[in-house]
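Open the structure in your viewer and keep the selection tool at hand. We will take a short walk, one stop at a time.

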Amino acid sequence: MTRTLVLWLPPVAALADKDIPQPAWLCVDDGVVVDSGQDDGWVEAWEKPQDDGADARLIALAPVADVPLLWHHYPDAAPAQAAAAARIDTLKASLGDASALHVVAGQPAEAGQAAPVAVTTHAAMTAWTDWLQTRGLTPAAIIPAGAAVPPPEPDHLWLAELGGEQIIRTATRAYASDPELDPLIASGHDIAPLDADRMRDALILTLAAPPLDLLSGGWKPKRSWSVDPAMLRLAKFLAIALLVVSLLIPIIHAVRLAGDTSRADRAVIDTATKAGVKASDAAAAESELDRRLAAAGGGPLAFSVPASALYDAMADTPGVTLKTLSHRTDGTLSTTLAAPRVEDINTVLLALQARGYRITAQPMAGTDGQQMANVTIRAVP
């Protein structure tokens with residue numbers, strides 16, 4: 001349920017007085033008028049908290065004496081076109097400087113309906129907005145009071161009372177009543193008083209769907225970019241959490257790496273211990289195991305290490321073939337390579353050198369016309 005506070009703005013002429021009378025007001029909850037008056041009770045009604053936490057909405061009504069209304073009818077125009085045409089026609093028919101006028105046209109709900117147009121001045125808008133700001137009020141809309149008066153029956157005029165103001169409503173106009181001028185303007189039509197209950201119901205409908213709002217054009221409120229404190233606190237929390245996680249990731253990775261390294265070192269020491277090697281750390285155990293494997297013809301000095309490097313180098317040069325291949329326990333691999341060109345043998349040798357092996361080569365000519373070379377490859381770079 002939304003609470004709507006309706007506050008009648010004082011006439012512009014009254015704002016010049018020091019003692020401005022209290023405005024008329026009423027409070028509407030869910031389409032029902034729950035309180036009203038012409039005193040300072042609106043302050044309590046505005047500040048009263050909602051039980052369900054919903055926000056209150058302030059609607060200001062501008063007096064018809066300062067904002068007369070007209071209705072223009074364009075049967076063949078679309079709603080948007082009718083509103084634009086009504087505003088232009090009203091400006092053309094208005095007296096005074098057009099730049100000083102604030103003309104607002106409402107858009108009809110359907111094509112063929114009359115378009116309402118409100119006419120006031122920028123000076124009046126300035127006076128009302130200043131009056132509201134001094135009281136810390138920000139209205140959701142400023143509606144001309146005459147817009148709330150329903151259209152009369154054919155050949156009749158309504159005389160309605162709204163917020164202590166007498167309003168005459170014809171089929172095409174809404175303006176402040178003047179007892180001397182009303183009969184002349186009526187031109188023989190009956191001026192009937194509008195029932196108060198019907199006026200109240202029409203006002204409530206107008207609040208739900210305002211036909212036009214004076215807070216438009218240059219008076220449309222600027223959007224204020226405010227930061228929600230709750231969202232700001234959440235953003236700070238997420239930023240701190242992101243920083244903590246960013247710091248924890250490398251720390252956890254380092255801890256896990258240290259743990260894995262420690263487990264690997266213990267596995268090396270355990271393996272060395274089973275082989276009868278006594279060492280204080282993994283590096284010493286690994287060195288001793290390599291030394292024993294080398295003495296036995298294994299480990300990094302085994303045949304498979306340099307032979308694998310040789311075969312990989314030859315794979316990139318298909319023209320090179322092996323003639324002989326032998327291996328010594330010190331890790332030296334001896335081989336005889338043959339190829340149609342010396343450049344092919346050099347390609348293999350350069351590939352081995354790129355892998356860090358020490359190479360010696362003695363070229364010689366083959367009996368079949370191929371180029372040959374006796375090559376030694378050190379297994380340990």
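**First stop: A282 and its helix**

Select A282, which lies in helix α7, residues 282-295. Keep in mind along the way that this is a predicted model. Is A282 buried or exposed? Its relative accessibility is 10%, and since buried means under 20%, A282 counts as buried. Now show what surrounds A282: leaving aside neighbours within four places in sequence, it is in contact with D265, V268 and I269. Add A264 too; the C-alpha atoms of A282 and A264 are separated by 8.4 Å, with their positions 18 residues apart along the chain.

**Next: the sheet**

Select β6, β7, β5, β11, β10, β9 and β12, in that order: they form an open sheet of seven strands with mixed pairing. At the edges you will find β6 (101-105) and β12 (190-193); each has a single partner strand, so one side of each is left without a neighbour in the sheet. On average, neighbouring strands are turned by 25 degrees against each other, direction ignored.

Zoom in on β5 and β7 (residues 115-121), an antiparallel pair joined by four bridges. Here H72 stands opposite A115 in β7. Then bring in helix α2 (residues 79-93), which lies across β5, β6 and β7 and runs at about 40 degrees to β7.

**Last: the cores**

Select W8 and I142, the residues with the most contacts inside the largest nonpolar core, which has 49 residues. Among the elements giving two or more residues to this core are β1 (3-8), α3 (122-133) and α5 (196-208). To finish, select A309, L349, L352 and I359, which are included in a second, separate core of 18 residues.

Key:
Residues are numbered from 1 along each chain as its sequence is written. This is a predicted model: local features need pLDDT of at least 70, side-chain atom pairs count only at pLDDT 80 or more; totals for chains, interfaces and linings use all residues. Side-chain values use heavy atoms; hydrogens and water are left out. Buried means under 20% relative accessible area, exposed over 50%, partly exposed in between (1.4 Å probe, protein chains only). Contact means heavy atoms within 4.5 Å. A nonpolar core is a set of buried Ala, Val, Leu, Ile, Met, Phe, Trp, Tyr and Cys residues joined through side-chain atoms within 4.5 Å. Two strands pair if DSSP finds at least two bridges between them. Axes are lines fitted to C-alpha atoms, for helices over the stretch in contact, and angles run from 0 to 180 degrees between N-to-C directions.
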